[in-house]
Protein chains: 2
Amino acid sequence: MPNVRLSDVAQHAGVSTKTVSNVVHGYVHVRESTRAKVQRAIDELGYRPNLRGRNLATGRTGMIALAFPDLRIPYFAELAHVLSRAAGERGYRLLLEESGDAPDVERAMLSAQEAGVVDGVLLQPSWLNSTEIAQHRRGVPVVLLGESAAPLTLDHVRIDNIAAAAQVVEHLAALGRRRIAFLCAEESAPSETSRQRLIGYQQGLEHCGLPVDASLIVTGRVADAHSAARALGAALDDGMAPDAVFCRDDLVALGALRALGERGLRVPEDVAVTGWDDSTLASAVRPSLTCVRADEAELARRALDLLIERIEGFDGLGRHEFVAHSLVVRESAPRPAV
Amino acid sequence: MPNVRLSDVAQHAGVSTKTVSNVVHGYVHVRESTRAKVQRAIDELGYRPNLRGRNLATGRTGMIALAFPDLRIPYFAELAHVLSRAAGERGYRLLLEESGDAPDVERAMLSAQEAGVVDGVLLQPSWLNSTEIAQHRRGVPVVLLGESAAPLTLDHVRIDNIAAAAQVVEHLAALGRRRIAFLCAEESAPSETSRQRLIGYQQGLEHCGLPVDASLIVTGRVADAHSAARALGAALDDGMAPDAVFCRDDLVALGALRALGERGLRVPEDVAVTGWDDSTLASAVRPSLTCVRADEAELARRALDLLIERIEGFDGLGRHEFVAHSLVVRESAPRPAV
DNA sequence: CGGCGAACTTACAGCGCTGTAAATTTGGGT
DNA sequence: ACCCAAATTTACAGCGCTGTAAGTTCGCCG
């Protein structure tokens with residue numbers, strides 16, 4: 001069945017294609033009788049607008065790309081979920097793009113590559129640094145997410161990692177913990193995420209009058225429970241004796257639980273543990289994880305609003321916004337007894 | 001920077017637009033000198049093909065939609081990840097669509113709605129039944145994934161749930177377990193997934209000569225660790241005393257671990273537990289989960305191959321394929337001592 | 001040296017829709 | 001009846017690219 005086109009409807013209804021287009025779009029200046037006639041033709045023929053044609057004519061696709069490291073990391077899956085819904089409410093669809101192990105993907109998102117496919121890009125950079133991002137500027141509208149330092153020229157939405165990390169440390173200190181380990185900082189070239197959480201970690205310690213002890217910083221690969229477990233395990237076997245472990249994210253915290261459990265250390269009695277992200281597993285594992293939670297709904301809202309403003313022509317300097325976060329207290333680092 | 005068009009390149013190089021198009025596509029019959037000349041023009045002008053135009057002209061978008069229930073369920077995130085890579089290798093991009101709580105999304109995917117946006121649809125139905133799916137047939141090319149019974153007319157790729165479930169039971173029986181509980185079957189209108197795993201569960205029991213005891217079937221909401229924990233907890237408190245729990249998926253298994261742990265039951269000493277999907281958490285959690293693992297890479301490969309054949313014109317009856325699966329043995333239900 | 005098929009190139013007509021600007025109709029006055 | 005602005009409707013020119021069919025050019029045989 002040859003697809004029904006606008007012109008078919010026009011012919012069937014005895015009007016011009018433009019009038020049909022006007023009806024489809026609910027344009028005001030169409031006589032009621034005409035509208036009805038056209039509508040009937042549309043229904044009879046089962047017409048559906050072809051988005052490709054529309055896109056070509058308008059220069060818009062109604063799609064927004066979301067580029068992030070890896071769908072398999074629970075936080076990103078949840079972020080994608082929330083953004084996808086929010087985008088839908090605004091009449092856009094989300095095209096997911098995993099940058100995975102290739103910086104090229106991020107570069108491609110920023111270049112004009114994507115022009116013609118998406119109207120804008122939400123980018124959570126994991127490879128590119130601020131300078132590189134700033135340079136690739138001449139492409140589609142972009143809003144940055146996450147912790148990496150953003151160039152002044154681009155919009156950026158994130159939570160205050162430093163404050164949140166400090167808050168975590170203060171919570172642990174309030175529990176009476178004095179030897180708070182940090183798991184894991186990348187060995188070399190720590191990501192901006194780790195860097196900021198480390199800064200907050202240190203601020204928190206100082207604020208609570210606790211000593212900053214470099215031997216409590218465990219290095220290792222990130223976002224992988226197994227390597228985190230190995231890293232912490234090695235440190236423990238090496239004699240490190242923390243009474244709390246600040247984990248850079250939930251997956252790492254999962255690894256920490258394992259490493260601690262295997263050595264007979266109880267959580268939270270012997271060692272408190274905190275995660276970060278509040279992914280599904282944070283509340284499901286045992287003990288459930290105390291962790292930092294970003295207000296993802298608001299993050300999605302702000303990021304999309306900024307991006308859509310750009311898509312619609314705004315061309316000012318970058319806006320840099322913080323979004324609320326909270327500390328979700330659970331079993332792995334409970335509320336201090338009063 | 002007014003976007004560079006094919007015609008600009010053509011003019012710059014002093015050839016026709018079609019020749020430029022031919023060069024871009026690596027068409028064979030282009031003289032080497034011409035090709036070089038055009039290539040130089042492309043580079044100098046920084047030309048990038050506009051996909052919209054191309055799509056309109058060819059009637060292809062190079063996009064495939066993947067519709068599934070929820071990105072936040074680890075299995076689907078991983079499936080999306082694998083399919084996304086596989087699609088990329090075949091020159092397609094994946095557009096994710098969560099059907100979430102609305103059957104309408106699934107219906108929309110099958111209708112012509114999507115025509116013009118994607119070339120084909122991979123659908124993991126969770127709401128529509130076979131009949132309904134069969135009726136909506138006249139849309140984009142479709143390949144079905146997952147357990148729901150598929151109409152004869154559509155392609156379908158899945159693992160053999162019944163065999164896999166039986167295998168799980170046999171493994172548990174080999175461990176000497178005799179009272180194997182099933183967690184969770186939906187209260188009313190069990191999903192096809194639960195139904196098949198239940199059938200396999202029963203087959204496995206019968207095959208091992210174990211009695212089928214309906215009181216060992218725990219009902220509850222699915223794919224949610226908390227409700228699974230509650231459901232199993234209630235059953236345990238009610239006097240059910242299983243020595244193994246067959247969980248319909250990893251998240252449910254996580255809930256089972258919690259419910260058992262809270263009641264002082266050790267896994268696997270007192271009660272063995274199995275999951276299903278082998279999501280990241282299966283190996284990260286403690287004890288790590290023995291579970292069924294689909295060969296996702298092959299699943300992705302087959303599903304895409306079938307879909308692309310359809311996109312390229314194949315119009316035969318539905319092909320129904322099984323993909324390999326395996327039992328990953330871990331701590332929660334270890335290999336039997338020999 | 002004419003003739004020929006193969007190797008290259010190109011003109012042109014859309015793909016399906018929308019923006020612009022111009023044409024037509026309508027509804028009130030006068 | 002006649003004129004004018006407002007309300008409707010339409011013709012037309014693309015958006016950027018590709019398929020088709022129709023040239024051109026080239027190398028080589030007889």
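Helices are DSSP runs of H or I with at least four residues, numbered from the N terminus. The model described here is predicted.

Two copies of a chain are related by a rotation about an axis and a shift along it. In this model, a turn of 180° and a shift of 0.2 Å along the axis lay chain B on chain A with an RMSD of 0.3 Å. This is the relation of a two-fold axis. Within chain B, the residue that comes closest to the rotation axis is Leu95(B), whose C-alpha lies at 2.8 Å. The copies meet through the same surface, because 97% of the interface residues of chain B are also interface residues in chain A.

Both chains contribute to the surface near DNA strand D: helix H2 (17-24) and helix H4 (51-58) of chain A, and helix H2 (17-24) and helix H4 (51-58) of chain B, each supply at least two residues. The most comes from H4(B), which gives five residues. There are 25 residues around DNA strand D, and those that come nearest are Thr34(A), Leu6(B), Asn50(B), Gly53(B) and Ala57(B). By class, this surface has nine nonpolar, 11 polar and five charged residues.

DNA strand C is surrounded by 26 residues, of which Leu6(A), Gly53(A), Ala57(A), Thr19(B) and Thr34(B) are the closest. H2 and H4 of chain A and H2 and H4 of chain B each supply at least two residues of the surface near DNA strand C. Here H4(A) gives the most, with five residues. The surface near DNA strand C has nine nonpolar, 12 polar and five charged residues.

Methods. Residues numbered from 1 in each chain as written. Chains lettered and ligands numbered in written order. Predicted model: local features only at pLDDT ≥ 70, side-chain atom pairs only at ≥ 80, totals over all residues. Least-squares fit on C-alpha atoms with pLDDT ≥ 70 in both. Contact = placed C-beta atoms within 7 Å. Near = placed C-beta within 6 Å. Nonpolar A, V, L, I, M, F, W, Y, C, P; charged D, E, K, R; others polar.
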